[in-house]
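Trainee: Could we go through this structure together? I would like to see how each label is earned.
Mentor: Gladly; ask away.

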Amino acid sequence: CRASGLVPDAGVIVATARALKFHAGKSVPEASKPDVEAVKVGFANLGRHIENFKKFGVPAVVVVNRFSNDTDEEIDTIINMAKEVGAFDCVTSTHWSDGGAGAVAAAEALVRATKTECKFKFTYPDEMPLKEKIETICKEIYRADGVTYTPEVDAKLASFEASGYGNFPICMAKTQYSFSHNPDLKGAPTGFTVPIKDVRVNCGARFVFPLLGDISTMPGLPTRPAYYGIDVADDGSVVGLS
């Protein structure tokens, strides 16, 4: 949005009953079993996402991917609670089994949301110092109590600003499993302090990215990527793709 000047008319939050039970502290096997009370507890995580959308001034459509082991009571609980805390709408989607037809309700809800008033606003202005940008995100979006920096990070941030990168936006590198830096803090945690262990700048893409806690900036690759097994045989054919 900062680079393009485009402004969103609405946004979508995707949720599952299983994920909410996981945020209630249930194990993966337990989260696959019906448990309305766990859904209610884990909803704190989804509720905070909805609150953050409201901070941005963007109407939020919650789409619940419904699976075969979800109960009506679990789904109804999510829908009712989402609307109670301010979601524009909350609908289910079964596109995983029904294809495009299973996502019609989600598409229609999003279209309706785009026709409402949107008062989009950024979390921080471009001219705010880098450390203040980081702290604003951590406190306003993650609900942290504070932020700590290593001496090396302090020096890097000062160097970035001296080099003319102070107006760059922030792109956090953190776990996707928690609002905090700690993947074990489920739900909607508060009272934590975010440790910034490193910070880097992408001059081409024009953003600064702090590394929160123990995080890798290149996830998804196995120890031995599949391309090691791909080659061209003597006859010119490609091997190792199947």
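Trainee: What makes the meeting of the Asp89 and Lys83 side chains a salt bridge?
Mentor: This is a predicted model, and in it the N to O distance between Asp89 and Lys83 is 3.8 Å. The cut-off asks for a Lys or Arg side-chain nitrogen within 4 Å of an Asp or Glu carboxyl oxygen, so the pair qualifies. Lys83 and Asp89 are also linked with Arg112 in a network of salt bridges.

Trainee: Which of these two residues is buried and which is partly exposed?
Mentor: Asp89 has a relative accessible area of 11%, so Asp89 is buried. Lys83 stands at 43% and therefore counts as partly exposed. The reasoning is that buried means under 20% and exposed means over 50%, with partly exposed in between.

Trainee: How many salt bridges are there by this rule?
Mentor: The count comes to 13. One of them joins Glu74 and Lys21, whose closest N and O atoms are 2.9 Å apart. Glu74 belongs to helix α4 (residues 72-84) and Lys21 to helix α1 (residues 17-23), so this pair ties together parts that are 53 residues apart in sequence.

Trainee: Why are Glu74 and Lys21 called buried?
Mentor: Glu74 has 0% relative accessibility and Lys21 has a relative accessible area of 1%. Both values fall under the 20% limit, so both residues count as buried.

Trainee: What makes Lys40 and Glu37 a pair within one helix?
Mentor: Both lie in helix α3, three residues apart, which is about one turn of the helix. Their side chains meet in a salt bridge at 3.5 Å, N to O. Lys40 has 39% relative accessibility, so Lys40 counts as partly exposed.

Trainee: Where is Gly42, and why is Gly42 called buried?
Mentor: Gly42 is in helix α3 (residues 36-56). Its relative accessibility is 0%, so Gly42 counts as buried. Beyond its neighbours within four places in sequence, Gly42 is in contact with Leu20, His23 and Ala24.

Trainee: Why are α7 and α8 called oblique to each other?
Mentor: Helix α7 (residues 130-140) and helix α8 (residues 151-162) pack at about 120°, with axes 9 Å apart. Roughly perpendicular covers 65 to 115 degrees and roughly antiparallel is over 145, so this angle is oblique. Leu130, Lys131 and Ile134 of α7 make the contact with Asp154, Leu157, Phe160 and Glu161 of α8. By class, that contact has four nonpolar, no polar and three charged residues.

Conventions:
Residues numbered from 1 in each chain as written. Predicted model: local features only at pLDDT ≥ 70, side-chain atom pairs only at ≥ 80, totals over all residues. Heavy atoms only, no water. Axes fitted to C-alpha atoms, helices over the stretch in contact; angles between N-to-C directions. Helix = DSSP H or I, 4+ residues; strand = E, 2+ residues; numbered from the N terminus. Parallel < 35°, antiparallel > 145°, perpendicular 65-115°, else oblique. Contact = heavy atoms within 4.5 Å. Nonpolar A, V, L, I, M, F, W, Y, C, P; charged D, E, K, R; others polar. Buried < 20%, exposed > 50% of the residue type's maximum accessible area, 1.4 Å probe, protein only.
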